[in-house]
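Reader: I would like a careful, close look at one part of this protein, set against the background of the whole chain. Please take your time and explain the terms as you go.

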Amino acid sequence: MLYTKKLIGLAALGVLLVGCGSSDPDSAGAAEDAPAKGAAQESPAAEQKVLPVALDGSRPKVHERGAEELKVTPKPGNSAPFAERVEHKLRETVLGTAKVPGRTSAKCADGVTLKAGAVSSCEATYEGATIPYEVKISDSYKEGSFLTMYNTKAEKGLLVAETVYEEFWQQFGGPESAYPEASKLACDELPAAEAVEVDADTGHRCQLWNEHGNQGKGGYETYEVRIGGFGPSFRPAS
């Protein structure tokens, strides 16, 4: 069985100047017919549901982190309040996680407390999905310092359909995939954007056909979709 591990990271480091902001991851359709009564017994793979979204190539809407398409403009000016600059950074952070251009917003409802080690609560949204963030000022912060350093930590994962499809394709079907025996890649029809628990089974599934599966007879292998700090990962479903 194929197995993919990904390094999961949750924290993003931010650095802002006092008085100056800075910017800093084959087949579709219904299930196959059941075998007729009295027919020769089919393998379990033949009875598996074929997931509806077939993946046969890269998704053009997905961009690399840092791409110009994932920038938020206009950028706050040098004299903008610190909280406003943090909110701008959170919008770009959530876009970098999504990897697909979309509508964003961010709000630190009670502002950002500028004290050493202070923690503030903020939210960023992407296409209606809300991701809570913890914003922690560096323990070394001193009032009047030229630099204000802080960490942001997402408290939910962001699932984006196009990004999941792209990642599954790249890992198991793309030109650089290490699994040439994999074919007929497909996934559930996923929501455009959804806030999910970090590194937990989202309940969504992707699958591929492995010619060595089902005791060498060929069969589908199904994977859980999980979301970590750097995007989708896949784990064999039980």
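What does the accessible surface of the protein come to, and what percentage of it belongs to carbon and sulfur atoms? After that, please look closely at α1, and tell me which elements give two or more residues to the largest nonpolar core.

Author: The model is a predicted one, in which local features need pLDDT of at least 70 and side-chain atom pairs count only at pLDDT 80 or more, while totals for chains, interfaces and linings use all residues. Residues are numbered from 1 along each chain as its sequence is written, and side-chain values use heavy atoms, with hydrogens and water left out.

The accessible surface of the protein comes to about 12500 Å², and 49% of that area belongs to carbon and sulfur atoms; areas of this kind come from the Shrake-Rupley method with a 1.4 Å probe, and for residues only the protein chains shown count as cover. Of the 238 residues in the protein, 44% are buried, where buried means under 20% relative accessible area, exposed means over 50%, and partly exposed lies in between (1.4 Å probe, protein chains only). The protein holds three helices and 12 strands, each being a DSSP run (H or I with at least four residues for a helix, E with at least two for a strand) numbered from the N terminus.

Your chosen part, α1, has 17 residues and reaches 25 Å from its first C-alpha to its last, close to the 24 Å expected, a figure that is 1.5 Å times one less than the number of residues. Because 15 of those 17 residues are buried, α1 is largely enclosed by the rest of the structure. Ahead of the helix, the loop between β2 (53-54) and α1 (82-98) contains Pro74, which is joined to Thr73 by a cis peptide bond with omega of about 0 degrees. Just after α1, Lys99 takes a positive phi of about 65 degrees. Both features can be set against a general rule: most residues other than glycine have a negative phi, and most peptide bonds are trans.

The helix also leads us into the interior. A nonpolar core here is a set of buried Ala, Val, Leu, Ile, Met, Phe, Trp, Tyr and Cys residues joined through side-chain atoms within 4.5 Å, and the largest one has 29 residues, with Val86, Leu90, Val94, Val112, Tyr126, Tyr133 and Leu158 having the most contacts inside it. The elements that give two or more residues to this core are α1, β4, β5, β6 (147-154) and β7 (157-160), and the largest share, seven residues, comes from α1. A second, separate core of 20 residues includes Ala161, Leu190, Cys206 and Phe234.

Tyr126 shows how the neighbourhood of the helix is put together. Leaving aside its neighbours within four places in sequence, Tyr126 is in contact (heavy atoms within 4.5 Å) with a set of residues that includes Val94, Leu95, Ala98, Val100, Leu158, Val160 and Ala193.

Among the strands that contribute to the largest core, β6 has a covered face made of Thr148, Tyr150, Thr152 and Ala154, and an uncovered one made of Leu147, Met149, Asn151 and Lys153. β5 and β6 run antiparallel and are joined by five bridges, where strands count as paired if DSSP finds at least two bridges between them. Ile137 stands opposite Tyr150 in β6. In the loop between β4 and β5 (129-137) sits Glu127, which has a positive phi near 50 degrees although it is not glycine and which, at 31% relative accessibility, counts as partly exposed.

β4 is also tied to the loop that precedes it. A disulfide, meaning a pair of cysteine sulfur atoms within 2.5 Å, joins Cys108 to Cys122 with an S to S distance of 2.0 Å. Cys108 lies in the loop between β3 (104-107) and β4 (119-126) and Cys122 in β4, so the pair ties together parts that are 14 residues apart in sequence. With 105 degrees about the S-S bond, this link is right-handed, and both Cys108 and Cys122 are buried.

The count comes to two disulfides, and the other one joins Cys187 and Cys206, their sulfur atoms 2.0 Å apart. Cys187 lies in strand β8 (residues 182-187) and Cys206 in strand β10 (residues 205-210), so this pair ties together parts that are 19 residues apart in sequence.
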